[in-house]
Amino acid sequence: MKEYESGAYLVSRRYRNRKPERYKSRRPRKAAGVLIAVLLLLTAGICVLVVFLPKLSVPTSGAPSFKGKTYYLLATAKATDRAQASVAAQYAAERGGAGYIYNDGNYHIIAAVYEREADAKTLASMNADSHYFALTIPPSACGAGDKRALEYLTGEWFQTVSAAATELDRGNITESAAEHALSVACRRLYDCADGAESARFKRAVTAVCEYVMPQSVTVLSYIRYVQTYAVVAAHVAFA
């Protein structure tokens with residue numbers, strides 16, 4: 001009996017000193033709950049970044065990446081007949097004008113293109129047959145390649161070509177120097193357009209840069225023709 005009691009005592013003592021099962025499992029459950037809460041918070045944070053970060057860092061797809069540019073074309077004559085327009089264009093070219101024929105239902109004989117409306121307006125007022133009008137390369141949600149080429153064309157390229165024409169017209173530089181300035185600018189424009197996404201714009205720029213000066217015109221007329229051609233071509237490509 002004593003041995004049994006001793007055994008019973010040992011057994012009961014062993015079980016009396018053990019913690020009930022509910023205490024044994026409480027700590028792991030609490031740790032698991034905290035871990036789940038942390039994972040949920042991390043998941044929510046990632047979702048917020050995925051949804052809102054692109055909106056903060058990337059412009060809306062419909063927003064124009066190229067803001068557009070307006071030019072003012074000075075015309076020395078207007079005709080309704082193509083043959084008459086060709087004669088007038090030849091006459092304008094002989095006098096140092098571009099001699100570019102712009103057709104919008106009427107044939108406008110373009111002498112030059114300007115960034116400032118005041119310049120075109122002043123020159124147009126000097127001749128009763130002259131007039132000017134605005135031509136805009138429109139805003140466009142274009143790709144990075146198109147934007148780079150457009151911004152070069154409407155910025156540094158246009159200003160370089162304008163300066164070459166102006167300095168040549170004033171007698172401050174030689175024809176070869178002016179033609180060289182145009183050639184360098186066109187080579188860079190060609191390189192910029194090589195990365196353009198718009199095939200239409202790329203073809204237009206290629207045609208402008210590869211335009212060969214006719215033997216019958218002066219270098220000044222040629223420079224102004226190429227400049228007008230580039231502005232019109234960009235307008236058409238993104239109209």
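A polar contact is a pair of N or O atoms within 3.5 Å; within protein, one of the two must be able to donate a hydrogen and the other to accept it. In this predicted model, the side chain of Arg224 meets that criterion with the backbone oxygen of Gly96, at 2.9 Å. Arg224 is placed in helix H8, which spans residues 219–238. Buried means under 20% relative accessible area, and Arg224, at 16%, therefore counts as buried. Leaving aside residues up to four places away in sequence, Arg224 touches Gly96, Gly97, Ala98, Ala111, Ala112, Ala165 and Asp169.

The setting of this contact is a protein chain with 8 helices and 4 strands. Read from the N terminus, the elements follow the order α-α-β-α-β-β-α-β-α-α-α-α. The protein chain has 239 residues, of which 33% count as buried. It exposes about 15,100 Å², and carbon and sulfur atoms supply 56% of that area. When contacts between residues at least 6 apart in sequence are considered, 75% of them join residues at least 24 apart.

The strands form an open sheet of 4 strands in the order E2-E3-E1-E4, with antiparallel pairing. Strand E2 (100–103) and strand E4 (131–137) each have a single partner strand and stand at the edges, so one side of each is left without a neighbour in the sheet. On average, neighbouring strands of this sheet are turned by 45 degrees against each other, with direction ignored. E2 and strand E3, which covers residues 107–114, run antiparallel and are joined by 4 bridges. Within this pairing, Asn103 stands opposite Tyr107 in E3.

Two helices can be followed onto the sheet. Helix H3 (residues 82–94) packs on the sheet and touches strand E1 (69–79), E2 and E3, its direction making about 30 degrees with that of E3. Helix H5 (residues 144–169) also packs on the sheet, where it touches E1, E3 and E4; the direction of H5 makes about 70 degrees with that of E1.

A residue from strand E2 illustrates the contacts with H3. Ile101 has its place in strand E2 and is buried, with a relative accessible area of 16%. Apart from residues up to four places away in sequence, Ile101 touches Arg82, Ala85, Ser86, Ala89, Tyr107, His108 and Ile109. Ile101 and Ala85 are 16 residues apart along the chain, and their C-alpha atoms are separated by 7.0 Å.

Leu150 offers a corresponding view from helix H5, in which this residue is found. At 0% relative accessibility, Leu150 counts as buried. With residues up to four places away in sequence again set aside, Leu150 touches Phe66, Ile137, Cys142, Phe201, Ala234 and Phe238. The C-alpha atoms of Leu150 and Cys192 are separated by 8.7 Å, the two residues being 42 apart along the chain.

Aromatic rings provide a further set of links, since the structure holds 10 aromatic pairs. One of these joins Tyr100 and Tyr229: the ring centres are 6.2 Å apart and the planes stand at 35 degrees, so the pair is tilted. Because Tyr100 lies in strand E2 and Tyr229 in helix H8, the pair ties together parts that are 129 residues apart in sequence. Tyr100 is buried, with a relative accessible area of 11%, whereas Tyr229, at 22% relative accessibility, counts as partly exposed.

Tyr102 and Phe133 form another tilted aromatic pair, at 5.5 Å centre to centre and with 35 degrees between the planes. This pair links distant parts of the chain, as Tyr102 is in strand E2 and Phe133 in strand E4, 31 residues apart. Tyr102 and Phe133 are both buried. Ring pairs also link Tyr100, Tyr211, Tyr222, Tyr225 and Tyr229 into a cluster.

These descriptions return to helix H8, where Arg224 has its place. The side chain of Arg224 reaches the backbone oxygen of Gly96, and the ring of Tyr229, also in helix H8, pairs with that of Tyr100 in strand E2.

Terms used
Residues are numbered from 1 along each chain as its sequence is written. This is a predicted model: local features need pLDDT of at least 70, side-chain atom pairs count only at pLDDT 80 or more; totals for chains, interfaces and linings use all residues. Side-chain values use heavy atoms; hydrogens and water are left out. Buried means under 20% relative accessible area, exposed over 50%, partly exposed in between (1.4 Å probe, protein chains only). Contact means heavy atoms within 4.5 Å. Accessible areas come from the Shrake-Rupley method with a 1.4 Å probe; for residues, only the protein chains shown count as cover. Two strands pair if DSSP finds at least two bridges between them. Axes are lines fitted to C-alpha atoms, for helices over the stretch in contact, and angles run from 0 to 180 degrees between N-to-C directions. Rings of Phe, Tyr and Trp (its six-membered ring) pair if their centres lie within 6.5 Å; planes under 30 degrees apart count as stacked, over 60 as edge-to-face and the rest as tilted.
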